[in-house]
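Thank you all for coming. I would like to take a few minutes to walk through one model with you, slowly enough that anyone new to structures can follow on the screen.

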Amino acid sequence: MPSYVIVDTDVFSYIWQGRPEATQFEPALRNKIPVLSHTSVAEVYFGASYAGWGERN
Amino acid sequence: MPQHFTPTVVNGLVTLCGGISRQNITAIEFIGGDHKFFTADAELQHSLKRLQKATFTQEITIVGRLHMGDFDPLGLRCRIDTHSGSIQCDFDDELKEVVIGLFDELVMATGVAELQSDGVSVRVLHLDSMSLVQTANAKSLDELAQEQDVHAVGSITELRGENVDDFDNFMMIVRSAR
């Protein structure tokens, strides 16, 4: 039975960009399936849109 | 009625005239330089109150869950519970079967609403149409993981993406939205 961990927007962002803050979350995520809520997905889209990122980002 | 006399404006004017009475302030004059623009008096107060009580109607569409129905032939009614409150509706006989069939479902309803004097609250909605809102089918996390081909991670480095420009600014924007 797989177990899941909900990852919040900040934690996802740190992990995604390999920031040092991400390492403290490694034990909680190891061998778990990470889950993003709709809220986090919306926040990330908002941030990308507002920052004027292009397609590549 | 003049174009800009919306229910909100009428309510504001009624409040403005609230203190006018024979024993108190009898009139309020709006004067600029030598010109008198406007006089608020008992007559205006009376007219505004009459106007305020008049029915304001507007065509609206609401989305909510259809609850409660009264199928008395003399007055077919139902209630739709929306996020912003319950709305009482009435409808004609031709909508009866539609309403019965959509009981306890999320529906979109359109019709002419009689508004309260605040111009916002709906006193009653005379339904013209009602249809089912297709809601997303809730899926389990297992189903979603399978669909999206997501597996347990051995290391967080597996989730690493390409570097983006100005990450700190991005984080600041994201946090500002909360």
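I will begin with chain A, move on to the place where the chains meet, and end with the strands of chain B.

Before anything else, please keep in mind that this is a predicted model, and that the values I quote are computed from it.

Let us start with chain A, which has three helices and two strands, and whose elements, read from the N terminus on, follow the order β-α-α-β-α. Of the 57 residues in this chain, 21% are buried.

With that figure in mind, how many of the residues of helix 1 of chain A are buried? The count is six of the eight, so helix 1 of chain A is largely enclosed by the rest of the structure. If you would like to find them on the screen, the buried residues in helix 1 of chain A are Thr9(A), Val11(A), Phe12(A), Ser13(A), Tyr14(A) and Ile15(A). What they pack against is helix 3 of chain A together with helix 5 of chain B, and we will come back to those two helices in a moment. Just after helix 1 of chain A you can also pick out Gly18(A), which takes a positive phi of about 60°.

Now to the contact between the chains. Chain A contributes 26 residues to it, and chain B contributes 22 residues. On the side of chain A that touches chain B, the elements that give two or more residues are helix 1 (9–16), helix 2 (26–29), strand 2 (33–35) and helix 3 (38–50). Which of these gives the most? That is helix 3 of chain A, with five residues. As for the character of this side of chain A, its residues divide into 15 nonpolar, seven polar and four charged.

Let me stay with helix 3 of chain A, and look at how it packs with helix 5 of chain B, which covers residues 167–176. The axes of the two helices are 8 Å apart, and the angle between them is about 125°. An angle between 115 and 145 degrees falls outside the ranges for roughly perpendicular and roughly antiparallel, and the two helices are therefore oblique to each other. Their crossing is right-handed. From helix 3 of chain A, the residues taking part are Glu43(A), Val44(A), Phe46(A), Gly47(A) and Tyr50(A), and they meet Phe170(B), Ile173(B) and Val174(B) in helix 5 of chain B. Sorted by type, the residues of this helix contact are six nonpolar, one polar and one charged.

That brings us to the strands of chain B, where five strands close into a barrel in the order 3-4-5-7-6, with mixed pairing. From one strand to the next, the twist averages 55°.

We can go through several of the pairs in turn. Strand 3 of chain B, residues 56–70, runs antiparallel to strand 6 of chain B, residues 106–115, and ten bridges join the two; here Thr57(B) has Glu114(B) as its bridge partner in strand 6. Strand 6 of chain B is also antiparallel to strand 7 of chain B, residues 122–132, this time with nine bridges. Along that pair, Ala109(B) stands opposite Met130(B), and Ala113(B) has Leu125(B) as its bridge partner. Strands 6 and 7 of chain B form a hairpin with six residues between the strands, and in this hairpin Gly119(B) takes a positive phi near 80°.

Strand 4 of chain B and strand 5 of chain B, residues 85–90, are antiparallel and joined by six bridges, and they form a hairpin with two residues between them. In this pair Arg79(B) is matched with Gln88(B) in strand 5. In which sense, parallel or antiparallel, do strand 5 and strand 7 of chain B pair? They pair in the parallel sense, over two bridges, and Asp90(B) stands opposite His126(B) in strand 7.

I will finish with a single residue, Thr82(B), which is found in strand 4 of chain B, residues 77–82. Thr82(B) has 13 other C-beta atoms within 10 Å, so it counts as partly exposed. Leaving aside residues up to four places away in sequence, Thr82(B) touches Ile62(B), Val63(B), Gly64(B) and Ile87(B). The C-alpha atoms of Thr82(B) and Leu66(B) are separated by 8.9 Å, with the two residues 16 apart along the chain.

Terms used: Residues numbered from 1 in each chain as written. Chains lettered and ligands numbered in written order. Predicted model: local features only at pLDDT ≥ 70, side-chain atom pairs only at ≥ 80, totals over all residues. Contact = placed C-beta atoms within 7 Å. Helix = DSSP H or I, 4+ residues; strand = E, 2+ residues; numbered from the N terminus. Nonpolar A, V, L, I, M, F, W, Y, C, P; charged D, E, K, R; others polar. Buried ≥ 20, exposed ≤ 12 C-beta atoms within 10 Å, placed from the backbone. Axes fitted to C-alpha atoms, helices over the stretch in contact; angles between N-to-C directions. Parallel < 35°, antiparallel > 145°, perpendicular 65-115°, else oblique. Left-handed = near helix turned anticlockwise from the far one by under 90°. Pairing = 2+ DSSP bridges.
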